[in-house]
Amino acid sequence: MPSQNTRSLQQLQQKAYEAFVAKLIRQYQSDAKLLAVADRLMGQTIAKAGTGQIDDDGDAATAIRLYVKVAASRPPNKASLQARARLAVVIREAGGRLAKLKETMAKLEGGTDSLDPEIDRDQALADCIRNIEELADKCGKVPGFGDEIRTYFKQQEKRPHVVAAVKESAAKTLWLAGQEYEKKDEICCAMNAYEEARLQTGAPSALKAANRFKELQGNFLNILAQKKCREIESCHVKYVLAEKMLIDSPGKAKLLFAEIAAQAPSDSDLRQKAEQHLRNL
């Protein structure tokens with residue numbers, strides 16, 4: 001389970017995304033302009049995919065949201081009909097991907113006898129459910145198909161063996177990351193990884209991480225180092241969110257910049273940038 005601080009930051013991130021989409025709709029009020037923005041964002045996603053890059057900015061999800069908005073226009077117009085055609089392509093491609101993911105889930109649930117011995121079943125299940133979740137996030141607003149993918153994801157994520165696989169996958173990844181940090185003598189980062197890993201209650205790697213975290217906590221200097229590390233990490237996340245909120249929610253942005261100015265090291269660029277924003281607000 002994520003911590004309260006993590007959940008709060010996730011909620012702020014979602015609000016910032018929703019505000020960004022709303023801003024686009026206000027800024028480009030005509031269907032033709034919104035369609036052009038959506039096409040540009042989708043084009044960026046396709047270009048990234050062609051070079052092996054991940055759509056970490058959510059361009060595809062934003063484009064699909066805009067297509068849905070334009071396609072729903074009444075009475076229909078040239079742009080809305082084009083948006084419907086774009087959505088038909090999205091549904092066809094996403095539907096094909098969902099079908100393959102369902103096949104993969106069925107194969108993984110067939111037992112280890114049906115799998116390549118080198119495949120980590122828990123990791124493969126976790127990867128599959130994560131891909132289904134990403135598809136649900138991206139296409140969840142598409143009429144009809146969105147309900148299908150969201151329903152399927154919710155059904156899968158509640159199944160006990162899937163929950164166990166996802167927990168162990170996350171815990172194992174964090175455990176291995178912590179081990180690597182320790183090799184580099186980056187104890188504070190290792191403690192962060194172990195602390196997050198131990199939240200995956202019941203997973204074998206979570207137990208190992210919990211034990212190692214307790215051992216490292218035995219040194220008071222490690223505790224201080226971790227506290228400082230977590231504060232800096234939190235400040236970086238808050239700064240990104242605050243910048244996104246400057247236009248639509250300057251009051252919330254100001255609160256975040258104030259938190260950064262109070263928490264970040266006095267000689268850090270992050271604190272200086274936050275203080276500059278506070279002077280300008």
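By a patch I mean a group of residues that each have over 30% relative accessible area and no salt bridge, where nonpolar side chains such as Leu, Ile and Phe are joined within 5 Å. Please keep in mind, as we go through the structure together, that this is a predicted model.

With that definition in hand, we can turn to the nonpolar patch on the surface, which is formed by Phe220, Leu221, Ile223 and Leu224 and has about 410 Å² of accessible area together. One of these residues, Leu221, sits in helix α10, which covers residues 220-245, and Leu221 counts as exposed because its relative accessibility is 61%, where the cut-off for exposed is over 50%.

The surface also carries a patch of negative charge, in which Glu133, Glu134, Asp137 and Glu157 gather. Helix α5, residues 121-139, gives the most to this negative patch, with three residues. Glu133 lies in helix α5, and, because its relative accessibility is 36%, Glu133 counts as partly exposed.

Let me now move from the surface to helix α8, which spans residues 187-197, and ask why it is described as largely enclosed by the rest of the structure. The reason is that nine of its 11 residues are buried, and buried here means under 20% relative accessible area. Among the buried residues of α8 are Ile187, Met191 and Tyr194, and Asn192 and Glu195 are buried as well. As for what surrounds them, the buried residues of α8 pack against α7, residues 160-183, against α9, residues 204-216, and against α10, the helix in which we placed Leu221 a moment ago.

Key
Residues numbered from 1 in each chain as written. Predicted model: local features only at pLDDT ≥ 70, side-chain atom pairs only at ≥ 80, totals over all residues. Heavy atoms only, no water. Patch = residues over 30% accessible without salt bridge, like charges linked within 9 Å, V, L, I, M, F, W, Y side chains within 5 Å. Areas by Shrake-Rupley, 256 points an atom, 1.4 Å probe, with all protein chains shown as cover. Salt bridge = Lys/Arg side-chain N within 4 Å of Asp/Glu carboxyl O. Lys, Arg positive; Asp, Glu negative; His and termini not counted. Charge placed at Lys NZ, Arg CZ, Asp CG, Glu CD. Helix = DSSP H or I, 4+ residues; strand = E, 2+ residues; numbered from the N terminus. Buried < 20%, exposed > 50% of the residue type's maximum accessible area, 1.4 Å probe, protein only. Contact = heavy atoms within 4.5 Å.
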